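Subject: The two-chain model, handed over

Hi,

Here is the structure I promised to pass on to you. Have a look at it first, and then read on for what turned up in it.

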Amino acid sequence: MIVDILLLTLERFLGYLPVLLVAIVAAKVLSLYMSEDRIGVFLKARTLKKRNIVEASLLGLISPGPLAAYLPLLKVLQSGGLPLSIVATFITSQTLVGPIRAFLEVDVFGPVFFAFRVVASFIIAIGIGMCFQIFSKQITPKVNNSRQR
Amino acid sequence: MKKKVAYVLVDSLKEMKTIIPAFFIATLIGVILEIYLPIEIAYAVLRGNPFLSILIATIIGIILPIPRYATYPIAFSLFQKGASIGVVFALISGEVIIGSPDRDVMEFKYFGWKAFTSRLVLCTAFIVVGGFVAEVLL
């Protein structure tokens, strides 16, 4: 039984492997052109306008790499006046979709499911950003209130 | 150009060192679930009340302590076992918060507990709704 499990695992794993390898390399190539600094510069230019939540959601969707790499930068930007709603939108969409996930998702569940998830993720992130905007007074840490205004 | 290629190759190899073992373990978990999870339980939980199964899948996705990309083999196994597309959507999307301790601690520390919990609650609610929409549309 254990041998069967391992064989099935290996068979399935080898099936995923080419896609996984392409996904990892593609994510790295993308990170050459979409570095954390570039995203920081783009986010820094955002103001309190509602449409910026849409832009932050879009930016999160196409940002490669782990979220942890962006968090220190987001903290600095937030301390400098970037609204928490934009931070929450970016964090949410960044974690919902990513280059590695895109390749795996299309391979495992097909392009229609992937397209649905991209659209849904985009909308979910915007929704979360809007909720943060509505409840910003309650959610934003008090230390940063004066800076946010 | 050479530098860029070298960067891509070296960094990809580094990433593969962490991703590939995690992915193999996730595939193994998926296969074990597929073989050992009794079909009645799978059907009762994953194919029963859609609201309950999507909610359960969202919560499992949120608390599952594995990397985001590693959810796919598990989701695929559950799909093979009879999970609906809404459940798969909820499970995969649930990985949006909690699951990576370093990331969560940083988020908690940087933006405060109110922002973290608000995002947790909002993500759960939105993903459940998204699961329903997936169920209806796909």
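One definition first: a residue is called buried when its relative accessible area is under 20%, exposed when that area is over 50%, and partly exposed in between. By that cut-off B:Arg119 is buried, because its relative accessible area is 1%. Please keep in mind throughout that this is a predicted model.

**The two chains**

Let me start with chain A. It has nine helices and zero strands, so a reading along the sequence gives α-α-α-α-α-α-α-α-α. Of its 149 residues, 54% count as buried. Taking the contacts in chain A between residues at least 6 apart in sequence, 80% join residues at least 24 apart.

Chain B is built from six helices, again with zero strands, and its elements run α-α-α-α-α-α from the N terminus on. Here 49% of the 138 residues count as buried. For contacts in chain B between residues at least 6 apart in sequence, the share that joins residues at least 24 apart is 76%.

**Where the chains meet**

How many residues does each chain bring to the contact? Chain A gives 55 residues and chain B gives 53 residues. Between them the two chains bury about 5000 Å², and 80% of that area is on carbon and sulfur atoms. Three residues are worth finding on your screen: A:Lys28, A:Phe109 and A:Phe116 supply 13% of the area that chain A buries against chain B, more than any other three residues.

As for charged and polar pairings across the contact, there are zero salt bridges between chain A and chain B, while six residue pairs are in polar contact, both partners being at pLDDT 80 or more.

Which elements of chain A give two or more residues to the side that touches chain B? They are helix H1 (2–33), helix H4 (71–79), helix H5 (84–96), helix H6 (99–109), helix H7 (111–134) and helix H8 (136–139) of chain A. H1(A) provides the largest share of that side, with 18 residues. Sorted by class, the side of chain A that touches chain B holds 40 nonpolar, nine polar and six charged residues.

**The nonpolar core**

The largest nonpolar core has 76 residues, and A:Ile100 and A:Phe109 have the most contacts inside it. H7(A) gives the most to this core, with nine residues.

A:Phe109 therefore comes up twice, as one of the three residues named for buried area and as one of the two with the most contacts in the core. Leaving out residues up to four places away in sequence, A:Phe109 touches B:Tyr72, B:Ala75, B:Phe76, B:Phe79, B:Val88 and B:Ile92.

**Two salt bridges**

Side chains of opposite charge can pair when their charged atoms come close. Over all chains, the structure holds two salt bridges.

One of them joins A:Arg117 to A:Glu105, with the closest N and O atoms 2.6 Å apart. A:Arg117 lies in helix H7 of chain A and A:Glu105 in helix H6 of chain A, so this pair ties together parts that are twelve residues apart in sequence. Both A:Arg117 and A:Glu105 are buried.

In chain B, the side chains of B:Glu107 and B:Arg119 meet in a salt bridge, at 2.7 Å from N to O. Are these two partners buried or exposed? B:Glu107 counts as buried because its relative accessibility is 2%, and B:Arg119 is buried at 1%.

**Two residues to compare in chain B**

B:Thr71 lies in helix H4 (residues 71–80) of chain B. Its relative accessibility is 0%, so B:Thr71 counts as buried. Apart from neighbours within four places in sequence, B:Thr71 is in contact with B:Leu64, B:Ile66, B:Leu91, B:Ile92 and B:Glu95.

B:Lys14 is found in helix H1 (residues 2–36) of chain B. Why is B:Lys14 called exposed? Because its relative accessible area is 54%, and the cut-off for exposed is over 50%. From B:Lys14 to B:Thr27 there are 13 residues in sequence and 21 Å in space, C-alpha to C-alpha.

Enjoy looking around, and write back with any questions.

Best wishes

Notes. Residues numbered from 1 in each chain as written. Chains lettered and ligands numbered in written order. Predicted model: local features only at pLDDT ≥ 70, side-chain atom pairs only at ≥ 80, totals over all residues. Heavy atoms only, no water. Contact = heavy atoms within 4.5 Å. Buried area = accessible area lost by both parts, 1.4 Å probe. Salt bridge = Lys/Arg side-chain N within 4 Å of Asp/Glu carboxyl O. Polar contact = N/O pair within 3.5 Å; in protein donor to acceptor, adjacent residues only side chain to side chain. Helix = DSSP H or I, 4+ residues; strand = E, 2+ residues; numbered from the N terminus. Nonpolar A, V, L, I, M, F, W, Y, C, P; charged D, E, K, R; others polar. Core = buried A, V, L, I, M, F, W, Y, C linked by side-chain atoms within 4.5 Å. Buried < 20%, exposed > 50% of the residue type's maximum accessible area, 1.4 Å probe, protein only.
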